[in-house]
Amino acid sequence: MRILVMSDTHSDAAVIEQVVSNVQDIDAVFHCGDSELSFNADELRNMYKVRGNCDYDKQFPEDVIEEIDGQKIYMTHGHLYNVKLTLLPLSYRAAEVGASLVLFGHSHVLGAELIDDTLFVNPGSLRMPRGRKEKSFAIIDFDGTQWQVTFKTETNEIITQKNFSILKK
């Protein structure tokens, strides 16, 4: 499985198109909210998307649960789970839905963390990053036993890469 994850693009439709057009061989694209575009915007076509605290189109769902290659993915923006303070409420929701991968944004801070064999990924922001100067998105690969999270700039340059091995089968 290989997916592209972005968040917090805040009305920058061009950067969404740029990132999607520069990444090849992906199974799905996820936008974790705060696109500030309409749900039916051309730039958001063919991708899973959720509503952030700055999205006003009510067609956006609060969360998405999707299964790809046997991995249950849970995506939400994060503002409803206090992700700027802690991942605990979000980890409870992940356990409720049986997610192996959780995608979220809101804080504009990129990061990846494995909690009880569930991978939590925030791709950062492609518009207003916090904690570092680079605007970012994530590519997540899973080979059945290991997650690889690669954070990249809007020009597809690697910022950092992290690997996580899972214990459960």
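**Exercise 1.** In which helix is Val19 found?

*Solution.* Val19 belongs to helix H1, which covers residues 13-22; helices (H or I, at least four residues) and strands (E, at least two) are DSSP runs, numbered from the N terminus. Before going further, note that this is a predicted model, in which local features need pLDDT of at least 70 and side-chain atom pairs count only at pLDDT 80 or more, while totals for chains, interfaces and linings use all residues. Residues are numbered from 1 along each chain as its sequence is written, and side-chain values use heavy atoms, with hydrogens and water left out.

**Exercise 2.** Decide whether Val19 is buried or exposed, and then list the residues that Val19 touches beyond its sequence neighbours.

*Solution.* Start with the relative accessibility of Val19, which is 1%, so the residue counts as buried; here buried means under 20% relative accessible area, exposed over 50%, and partly exposed in between (1.4 Å probe, protein chains only). Next, leave aside residues up to four places away in sequence, and the contacts of Val19 are Leu4, Met6, Leu126, Phe137 and Glu154, where contact means heavy atoms within 4.5 Å.

**Exercise 3.** Find how many salt bridges the whole structure holds, and describe the one between Asp141 and Arg2.

*Solution.* A search of the whole structure gives 5 salt bridges, each being a side-chain nitrogen of Lys or Arg within 4 Å of a carboxyl oxygen of Asp or Glu. In the pair of Asp141 and Arg2, the closest N and O atoms are 3.0 Å apart. This pair links distant parts of the chain, since Asp141 lies in strand E9 (residues 137-142) and Arg2 in strand E1 (residues 2-6), 139 residues apart. Arg2 itself counts as partly exposed because its relative accessibility is 25%.

**Exercise 4.** Compare the exposure of the two partners in the salt bridge of Glu62 and Arg51.

*Solution.* First, the closest N and O atoms of Glu62 and Arg51 are 3.4 Å apart. Then take each partner in turn: Glu62, at 31% relative accessibility, counts as partly exposed, whereas Arg51, at 15%, counts as buried.

**Exercise 5.** Describe the salt bridge between Arg132 and Glu134, and name the residues that shared salt-bridge partners join into one network.

*Solution.* The side chains of Arg132 and Glu134 meet at 2.8 Å, N to O. Arg132 is partly exposed, with a relative accessible area of 34%, and Glu134, at 24% relative accessibility, also counts as partly exposed. Finally, salt bridges that share partners join Asp63, Arg93 and Glu96 into one network.
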